[in-house]
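Hello,

Here is the structure we spoke about handing over. Please open it alongside this message. My notes follow below it.

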Amino acid sequence: MPDTELLVTLALSLIAATVGGAIAVRLGQSAILGFVIAGLIIGPYTPGAVANVETVAALADIGLVFLLFAVGLELSIGDLFRAGRVALLGGTLQVVSLVALGYVAATAMGFTPIEALFFGAFISQSSSAVMAKILNERGQLDSAHGLVALGWATLQDLSTIVLVVLLTGITAGGELGADVLLALANAALFMAIILPLGRYVLPFLLERVAALRSRELFVLSVVAIALGTAYLSEFFGLSLALGAFVAGLLVSESDISHHALGELEPVRDIFAALFFVSVGMLIDPAFVLASLALVLIAVVLVVAAKGIAIAGFGRLFGLPGRTALLAGVALAQSGEFSFLLARIGVESGDVGQQMFSLMLASAGVSIAISPTLTAWTPRVMRRIDLRRGGRGAPVSEADAASGTGPARRYAVICGYGRVGRLVAAALERRGFPYVVIEVDPRICRELRARGVTVIQGLAENPRNLDRAELGRAQVVVVTVTDQLAMRLVVHHVRSEFPRLTIVARARAEVDREALAKEGVSEIVLPETEAALEMARFTLTRLGVSSAETQAIVSGLRRRTGAS
C-alpha cells in the first residue's frame, strides 16, 4: 500500500464526516445520519472521490472498541444487573423468534434455506454502538430504558458467539454440541481473567498514572487498556467490542472512571464517526433502487418486527409499557455483529451476492433512520398521552438532576492545592458544604476520609464539572495553577451557567483580561494581593489608622485594576 493511502483515506473520511455531520445537525437531525450519508458519498458505489473501504473498516473497528469501552465506563455493574433478568429471558426469546421469522421471510422471498438461516441470524442482532451513541447524545444512557437496552444488547452480543458456531457448524457439518460448549468455555475463561483484572488491577494502574499528573500518559494508558482488552477478547473467540465493553464496565466501579471517560471522549468521537462512515460506504444505491421491495421488507423486519418483539417480550417480563417501547425503538436497527454474520456467510460461500447486498442495504438504512425514530417516539407518546387527557411521562432522574430543583448553598472548588485548602478551611469554619474536583488520588482519599464530597479527575474535564451539579451550586472557585486549564473551566461554566458566580486567580495581567472577557465574577492576582497586604502592614507599622489604611489600599486596588 502506498505510504500516503492511509493518510488520504483518513483525511477524506474525516472531511466528509465533518461536512455531513454539520449539515445533518443544522437540519435538526442526528450527526450519525450525516456520517452515514458521507460514507455513501465517498463509497465505491457513487461517483467522485472514493476512500479505501478496507482502511476505513479497520479504523472503524478501533472506533467500535473506543465507543463500547466508553459506554462501559458510563455505567455501573449494579445498574446493568438490575436490567439483566429481563434482558436474559426476553433477549433470548427475541433472538430465537427473529431467527425463525427471518428464516420464514427469506424462504418466502426465494432464497435458499441456508441463506434464510443467515438472514434470520442477521436481523436478530442490534447495534450496541449505534444504540449507545444515540442514547448518549440524548442523555438517556443511564435511563430505565437505556439500561434495559444495554443489557439486551449485551445478551445479543453473547448470542452471536452461539450463532456463529451453529451456522459454521451446520455448513461445515461439524460437531455442534462440542463446538458450542468450547465457545462458551472460552467466554467463561475470558471472564475469569478479565473480572479480577478489571476490578482490581486496571483501576490501580490508572490511579498510579493519574498521580503522575501527566495528561499524555493518562490518555495513552486509557487507550492501551481499551485496545488491549479488545485484543484479549478476540483471542478467546469473542468480539472486539464486547471485550472492550466488559473492561469499561469493570473500570467504571473505580473513582477514576469519569476521569478516564473524559480523556477518552475526543478519541472516541473521531473513530466512532469513522465507524458510521464505513456503514455508509457499504450501501449500494443502485441495488436499493433495483430491489426496493426486498429492501423495504428487510428494513421492516429489522426495524419494526424486532422493535415490536423487544417491546413485547420486555412487557411480558414485567417492564413498564413506556420503558419496553423505548428500549425496543433504541434497538431497532442492525449493526456490527450483523455485518460479522453476513461476512461469515459470504466467506463460507453459503450467502450469495444478492442476499449479502440485501443485508448490507437494510442494515445501512436501519442505522440511518434510527436517530430519527428514537427522537420521534417520545414526542408521539407525549401527544398520545395528551389526547387521552394524561399529563405525560414523569420527569426522569437525569432531568431532575440537571439543575431544575432548588439551589443549594455550596461551593465547587476546582483544585485542592495550597489556595484550595485555605478556601475550604474558611468554608468549614462557617459550616458551608463544598465539592472538590482534584486529580491527585492521595488527596482524594484524604478528603473522602474526612467526609468531603470529591470528584477525582481534571477540573477542566467537562464530565467532572457536570458531575459537580453546577446548576445547584452558588459559587465556583477556580484555584488550578495552569492558566489554560483555568480558562477551559471558566469557559465551560460560563457557557452552561451564565449567572453562576466564578472566582479565579490570574498569574499576569494578560490572564486577568482573558478571564474578565469570559465573565469571571472575581479575579485575584496573587502578586498584586501580596503587594497590597505588604502595603497595609507597612502603613499600620508607621502609625496610619486602620480606616485610612483601608482607604489607601482600596484606592490602590482600583488603580491596579485588581478585583
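**Strands first**

Strand β1 (residues 411-414) is joined to strand β2 (residues 434-438) by four bridges, and the two run parallel. Please keep in mind that this is a predicted model.

β1 has a second partner, strand β4 (residues 475-478). Four bridges join that pair too, and these strands also run parallel. C414 shows both links. Its bridge partner in β2 is I437. In β4, its bridge partner is V478.

Look next at the side chains of β1. In a regular strand, side chains alternate between the two faces of the sheet. Here A411 and I413 point one way, while V412 and C414 point the other way. Are these residues buried or exposed? All are buried.

What lies between β1 and β2 in their β-α-β unit? Helix α19 (residues 418-430) completes the unit, and the unit is right-handed.

**Helix α20**

Helix α20 covers residues 441-449. Its buried residues include P441, I443, C444 and L447. Why do the buried residues of α20 line one face of the helix? Seen down the axis, they fall within an arc of 160 degrees, so they share one face. G451 follows α20. The phi of G451 is positive, near 85 degrees.

**Aromatic pairs**

A pair of aromatic rings is described by the distance of the centres and the angle of the planes. How many aromatic pairs does a search of the whole structure find? The search finds two.

One is F66 with F271. Their ring centres are 5.7 Å apart and their planes are at 65 degrees, so the pair is edge-to-face; the cut-off for that class is over 60 degrees. This pair links distant parts of the chain. F66 sits in helix α3 (residues 53-74) and F271 in helix α12 (residues 257-281). They are 205 residues apart. Both F66 and F271 are buried.

The other pair is F275 with F276. Here the centres are 5.1 Å apart and the planes are at 70 degrees, so this pair is edge-to-face as well. F275 has a relative accessible area of 5%, so F275 is buried. F276 is buried too, with a value of 0%.

**Three buried residues in helices**

Buried means under 20% relative accessible area.

- G39 belongs to helix α2 (residues 31-41). At 0% relative accessibility, G39 counts as buried. Leaving out residues up to four places away in sequence, G39 touches V277, G280 and M281. G20 is 19 residues from G39 along the chain, and their C-alpha atoms are separated by 8.9 Å.
- E115 belongs to helix α6 (residues 113-124). E115 has a relative accessible area of 10%, so E115 is buried. Beyond residues up to four places away in sequence, E115 touches D350, V351, G352 and M355.
- N464 belongs to helix α21 (residues 462-467). N464 is buried, with a relative accessible area of 0%. Setting aside neighbours within four places in sequence, N464 is in contact with H258, H259, I437, I455, Q456, G457 and L458.

One link back to the strands: I437, in contact with N464, is also the bridge partner of C414 in β2.

Best wishes

Definitions and conventions:
Residues are numbered from 1 along each chain as its sequence is written. This is a predicted model: local features need pLDDT of at least 70, side-chain atom pairs count only at pLDDT 80 or more; totals for chains, interfaces and linings use all residues. Side-chain values use heavy atoms; hydrogens and water are left out. Buried means under 20% relative accessible area, exposed over 50%, partly exposed in between (1.4 Å probe, protein chains only). Contact means heavy atoms within 4.5 Å. The arc is that of the directions from the helix axis to the C-beta atoms. Rings of Phe, Tyr and Trp (its six-membered ring) pair if their centres lie within 6.5 Å; planes under 30 degrees apart count as stacked, over 60 as edge-to-face and the rest as tilted. Two strands pair if DSSP finds at least two bridges between them. A crossover is right-handed if, with the strands pointing away from the viewer, the path from the first strand over the helix to the second runs clockwise.
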